[in-house]
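Please open the structure in your viewer and keep the sequence beside it, since this tour moves from one selection to the next. At each stop you will find a short note on what to select and what is there.

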Amino acid sequence: MRMASLRPRGENAIEASVTIHCALEEIFTFYRDFKNLPSFLGDVVAVEQIGPTTYRWTIQGPLSIRANWTIKVTDERTNELIRYETVTSPGLKTYWEIYFAPGSEAGETEVREVMKAPFGRLGRAALALIGKFPAEEVRANLHRLKQVMETGKVTDTAYSVRGKFSNI
């Protein structure tokens with residue numbers, strides 16, 4: 001299997017990973033259908049495809065404020081990598097790289113997310129002032145992906161819109 005190349009990291013990169021007891025192909029296919037993302041991403045409430053590689057995400061932020069982001073898939077390698085970025089606000093561009101690899105045991109998959117947010121530490125400090133902690137949010141989102149893939153439901157409500165995962 002060819003390994004996905006990593007882009008250079010900087011102080012603006014946030015990285016987390018999770019081992020999921022599920023087939024790699026199943027996880028990749030589930031994740032790549034962006035309409036599934038609201039089932040585990042804490043602040044994404046809707047995803048609509050608006051072009052071949054372009055999607056409109058509806059995000060619910062602090063104080064129940066909703067915003068739309070346009071996301072474009074910039075690279076994809078089946079069962080290996082999905083790379084996407086915001087295209088709505090060039091000055092606030094955010095990048096995501098989602099890597100998929102076989103786990104250390106049969107039937108396991110390693111999913112690793114690298115998120116590159118604008119403004120590095122300064123941006124993360126500003127988000128912390130309004131209660132958003134990107135590193136913790138990335139970890140919580142991956143944990144919810146694990147829950148959805150292994151059990152079909154979410155019980156972890158950390159770093160999510162209040163009441164979004166009410167099936168617990």
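The tour below begins with confidence, then visits strands, aromatic rings and charged side chains.

**Before you start**

This is a predicted model, in which local features need pLDDT of at least 70 and side-chain atom pairs count only at pLDDT 80 or more, while totals for chains, interfaces and linings use all residues. Residues are numbered from 1 along each chain as its sequence is written, and side-chain values use heavy atoms, with hydrogens and water left out.

**Stop 1: colour by confidence**

Colour the chain by pLDDT, which is the predictor's confidence in each residue, from 0 to 100. The protein chain averages a pLDDT of 84, and 82% of the residues score at least 70. Helices (H or I, at least four residues) and strands (E, at least two) are taken here from DSSP runs and numbered from the N terminus. Among these elements, helix α2 (residues 120-129) has the lowest mean pLDDT, 55, whereas α1 has the highest, 98. Now select residues 1-8, where pLDDT stays under 50 and the model has 21 contacts beyond four places in sequence, a contact being heavy atoms within 4.5 Å.

**Stop 2: three strands in a row**

Select strand β3 (residues 54-60), in which six of the seven residues are buried, so that this strand is largely enclosed by the rest of the structure. Buried means under 20% relative accessible area, exposed means over 50%, and partly exposed lies in between, with a 1.4 Å probe and protein chains only.

Which strands pair with β3? Two strands pair if DSSP finds at least two bridges between them. Strand β2 (residues 44-49) pairs with β3 in the antiparallel sense over five bridges, and if you select V44 you will find that its bridge partner in β3 is I59. A hairpin of four residues joins β2 to β3.

Strand β4 (residues 66-77) also pairs with β3 in the antiparallel sense, here over seven bridges, and R56 stands opposite T70 in β4. The hairpin of β3 and β4 has five residues between the strands, and in this hairpin L63 takes a positive phi near 60 degrees.

**Stop 3: aromatic rings**

Next, show the rings of Phe, Tyr and Trp (its six-membered ring), which pair if their centres lie within 6.5 Å; planes under 30 degrees apart count as stacked, over 60 as edge-to-face and the rest as tilted. By this rule there are 11 aromatic pairs. One of them is the edge-to-face pair of F28 and F100, with 5.1 Å from centre to centre and 75 degrees between the planes. This pair links distant parts of the chain, since F28 lies in helix α1 (residues 24-32) and F100 in strand β6 (residues 95-102), 72 residues apart. F28 counts as buried at 4% relative accessibility, and F100 counts as buried at 2%.

Then select Y84 and W96, which form a stacked pair at 5.2 Å centre to centre, with 20 degrees between the planes. Y84 belongs to strand β5 (residues 81-86) and W96 to strand β6, 12 residues apart, and both Y84 and W96 are buried. Add F34, Y55, W57 and W69 to this selection, and you will have the aromatic cluster that these residues form with Y84 and W96.

Stay with F34 and add R32, whose charged end sits over the ring of F34, 5.1 Å from its centre. A charge sits over a ring if NZ of Lys or CZ of Arg is within 6 Å of the ring centre and within 35 degrees of the ring normal. R112 likewise lies over the face of Y99, at 4.4 Å from the ring centre.

**Stop 4: salt bridges**

Side chains of opposite charge can pair when their charged atoms come close. A salt bridge is a side-chain nitrogen of Lys or Arg within 4 Å of a carboxyl oxygen of Asp or Glu, and by this rule the count comes to 10.

Select D75, which is buried with a relative accessible area of 19%. Its side chain meets that of R77 in a salt bridge (3.1 Å, N to O), and the side chains of D75 and R83 meet in another (3.0 Å, N to O). R83 is buried too, at 4% relative accessibility. Add E97 and K116 to see the network of salt bridges that links them with D75, R77 and R83.

Finish at E136 and R139, whose side chains meet in a salt bridge (4.0 Å, N to O). Why are E136 and R139 separated by about one helical turn? They are three residues apart in helix α3 (residues 134-151). E136 is partly exposed at 30% relative accessible area, and R139 is partly exposed at 44%.
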